[in-house]
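This briefing accompanies the protein model displayed below. Please keep the display in view while reading the points that follow it.

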Amino acid sequence: RVKFELGLFNNPNRDKNREANFYQKEHLEAAKQAAIKSTVLLKNESILPLKPTTKIALIGPLAEAPHDQLGTWAFDGDQDHTVTVLDAFKNSSSNFRYVQGLTYSRDQSNKQFKKAVAAARNSDVIVFVAGEEAILSGEAHCRSQTHLPGAQETLIKELAKTGKPIILVIMAGRPITLTNILSDINAVLMTW
């Protein structure tokens, strides 16, 4: 009905003389506000909000994943116009150290674990950015289990041994089962 009202069946082609308004400042700001307002706080053991002086260990495979944070349905999304979690930290006055820990969400390697644990020990709090690569959700992308893929849970368990509080930021296109790690983390943000 809406397509008929818009006249799309009478003239389905776009006006090629009309210039596109991609990535205008006000559009990017609206997208940022939508992302902020759609974030869901699932757990907070009095750790959030963080104080500006907090020493943060930023860890996780999705902290610097511009394509994956766009999600599955962003077919024409341009990762060059995204602001990753790492970018946001760099653009703020936060006191942080970044260690990826895992190169992508399904990574099974523990090669960076020692480096991640060392960064955690030298911090007040750990912000772990976890979840699924964009390719893992959407049509015909079912998973047999909905826990964090790869060695993400294993790394979180290692980080928990430091005794530092852990804030888990999840980027995924579906709900994620946290049963195995929920007692190890102090706050959970679902950022979709």
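Residues 24 or more positions apart account for 69% of those contacts in the chain that have a separation of 6 or more. The model in which these contacts occur is predicted. Of the 192 residues in the chain, 35% are buried.

**Overall architecture**

- The chain contains five helices and six strands.
- Read from the N terminus, the order of these elements is α-α-β-β-α-β-α-β-α-β-β.
- The C-alpha trace spans about 65 × 40 × 30 Å along its principal axes.

**Surface and charge**

- The chain exposes about 12100 Å², and 52% of this area is supplied by carbon and sulfur atoms.
- The chain carries 23 positive and 20 negative charges, and the mean positions of the two sets are 6 Å apart.
- A nonpolar patch on the surface is formed by V2, F4, L6, L8 and F9, which together have about 550 Å² of accessible area.
- One member of this patch, V2, belongs to helix 1, which covers residues 2–6.
- V2 has a relative accessible area of 49% and is therefore partly exposed, since the exposed class begins over 50%.

**Salt bridges**

- How many salt bridges does a search of the whole structure find? The search finds seven.
- R1 and E5 form one salt bridge, in which the closest N and O atoms are 3.0 Å apart. Both R1 and E5 are exposed.
- K43 and E45 form a salt bridge through their side chains, with an N to O distance of 3.4 Å.
- Is K43 buried or exposed? K43 is buried, because its relative accessible area of 17% falls under the 20% limit.
- E45, the partner of K43 in the salt bridge, is partly exposed because its relative accessible area is 45%.
- E158 and K161 are also joined by a salt bridge, and their closest N and O atoms are 2.9 Å apart.
- E158 counts as partly exposed because its relative accessibility is 29%, whereas K161 counts as exposed at 64%.
- In addition, E132, R143 and R174 belong to one network, joined by salt bridges that share partners.

**The loop between strand 1 and strand 2**

- Strand 1 comprises residues 40–44 and strand 2 comprises residues 55–59, and P49 is placed in the loop between them.
- The peptide bond leading from L48 to P49 is cis, with omega near 0°.
- S46 lies in this loop as well, between strand 1 and strand 2.
- Although S46 is not a glycine, its phi is positive, at about 55°.
- S46 counts as exposed because its relative accessibility is 73%, above the 50% limit.

**The end of the chain**

- W192 is found in the segment that follows strand 6, which covers residues 187–190.
- What is the sign of phi in W192? The value is positive, near 55°, in a residue other than glycine.
- W192 is partly exposed, because its relative accessible area is 44%.

**T82 and its surroundings**

- T82 is located in the loop between strand 2 and helix 3, the latter covering residues 85–90.
- Why does T82 count as buried? T82 counts as buried because its relative accessibility is 14%, and the limit for buried residues is under 20%.
- Apart from its neighbours within four places in sequence, T82 is in contact with P66, Q69, L70 and D87.
- T82 and S144 are 62 residues apart along the chain, and their C-alpha atoms are separated by 30 Å.

Key. Residues are numbered from 1 along each chain as its sequence is written. This is a predicted model: local features need pLDDT of at least 70, side-chain atom pairs count only at pLDDT 80 or more; totals for chains, interfaces and linings use all residues. Side-chain values use heavy atoms; hydrogens and water are left out. Patches are made of residues with over 30% relative accessible area and no salt bridge: like charges are joined within 9 Å, nonpolar side chains (Val, Leu, Ile, Met, Phe, Trp, Tyr) within 5 Å. Accessible areas come from the Shrake-Rupley method with a 1.4 Å probe; for residues, only the protein chains shown count as cover. A salt bridge is a side-chain nitrogen of Lys or Arg within 4 Å of a carboxyl oxygen of Asp or Glu. Helices (H or I, at least four residues) and strands (E, at least two) are DSSP runs, numbered from the N terminus. Buried means under 20% relative accessible area, exposed over 50%, partly exposed in between (1.4 Å probe, protein chains only). Contact means heavy atoms within 4.5 Å. Lys and Arg count as positive and Asp and Glu as negative; His and the chain ends are not counted. The place of a charge is taken as NZ of Lys, CZ of Arg, CG of Asp or CD of Glu.
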